[in-house]
Amino acid sequence: AERYEADKYYDEGTVLAIGGEKEVTEYVKGMPFAGVVSIHPGLRMNDRPEYEDDPNFPYICLTGRIPVKINGTAKKGDYIITDDAGRGKSIGKQPNVNIMHDLIGIALSNSNSEFVEVKI
């Protein structure tokens, strides 16, 4: 995961976009996808001492497994794409090449709740 400057604090699993007043902001449909907020990164990049206690410099997961906030449900193996309001959604197992720029990753488990664990 790598730290980016956000326009405010975002909690784990929030889908972020490039834009807003700083480097990243909450994802809204049509924005360029940046990544998902991580609170337990295994590898920490851009980790400067001045960012350590600043909640506006979240780690954004670039690869690995992470809980992602979603709208609706997901099944293991489903493709998870960006949706709206800082969340993703499942599109099943048949991705459409026209949405590949919005791909977050693949669900690692079934989920009927607000989060699903995703392999990015």
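Good morning. A residue is called buried when its relative accessible area is under 20%, exposed when that area is over 50%, and partly exposed in between. I shall rely on that definition throughout. Please keep in mind that the structure above is a predicted model.

Let me apply the definition to R87 at once. R87 has a relative accessible area of 18%, so this residue counts as buried. Which residue does the side chain of R87 meet in a salt bridge? The partner is E114, and the N to O distance is 2.9 Å. This salt bridge connects distant parts of the chain, for R87 belongs to the loop between β7 and β8, whereas E114 belongs to the loop between β9 (103-107) and β10 (115-119). The two residues are 27 residues apart. E114, for its part, is partly exposed, with a relative accessible area of 47%.

As general background, side chains of opposite charge can pair when their charged atoms come close. In this structure, a search of the whole model finds eight salt bridges. I shall discuss two others from that search, both of which involve D83.

In one of them, D83 meets K29 at 3.9 Å, N to O. Here too, distant parts of the chain are linked: K29 sits in the loop between β3 and β4, D83 sits in the loop between β7 (79-82) and β8 (88-90), and 54 residues separate them. Are these two partners buried or exposed? K29 has a relative accessibility of 54% and therefore counts as exposed. D83, by contrast, has a relative accessible area of 12%, so D83 is buried.

D83 also forms a salt bridge with K89, where the closest N and O atoms are 4.0 Å apart. K89 is partly exposed, at 29% relative accessible area. Through shared partners, salt bridges join K29, D83 and K89 into one network.

I now turn to the sheet. How many strands form this open sheet? There are five, arranged in the order β1-β5-β4-β2-β3, and their pairing is antiparallel. At the edges lie β1 (2-3) and β3 (24-26), each of which pairs on one side only. Further in, β4 (residues 33-38) and β5 (residues 59-61) pair in the antiparallel sense over three bridges. One example of a bridge partnership joins V37 to I60, the latter being in β5.

The edge strand β3 contains T25. Why does T25 count as buried? Its relative accessibility is 11%, and the cut-off for a buried residue is under 20%. The side chain of T25 makes a polar contact with the side chain of Y10, at 3.4 Å. If we set aside neighbours within four places in sequence, T25 is in contact with several residues, including D7, V15, L16 and M31.

Finally, a word on the backbone. Most residues other than glycine have a negative phi. Which residues have a positive phi near 55° here? N46 is one of them, and A85 is another. N46 lies in the loop between β4 and β5, and at 27% relative accessibility it counts as partly exposed. A85 is placed in the loop between β7 and β8. With a relative accessibility of 45%, A85 is likewise partly exposed.

That concludes my presentation. Thank you for your attention.

Methods: Residues numbered from 1 in each chain as written. Predicted model: local features only at pLDDT ≥ 70, side-chain atom pairs only at ≥ 80, totals over all residues. Heavy atoms only, no water. Pairing = 2+ DSSP bridges. Helix = DSSP H or I, 4+ residues; strand = E, 2+ residues; numbered from the N terminus. Buried < 20%, exposed > 50% of the residue type's maximum accessible area, 1.4 Å probe, protein only. Polar contact = N/O pair within 3.5 Å; in protein donor to acceptor, adjacent residues only side chain to side chain. Contact = heavy atoms within 4.5 Å.
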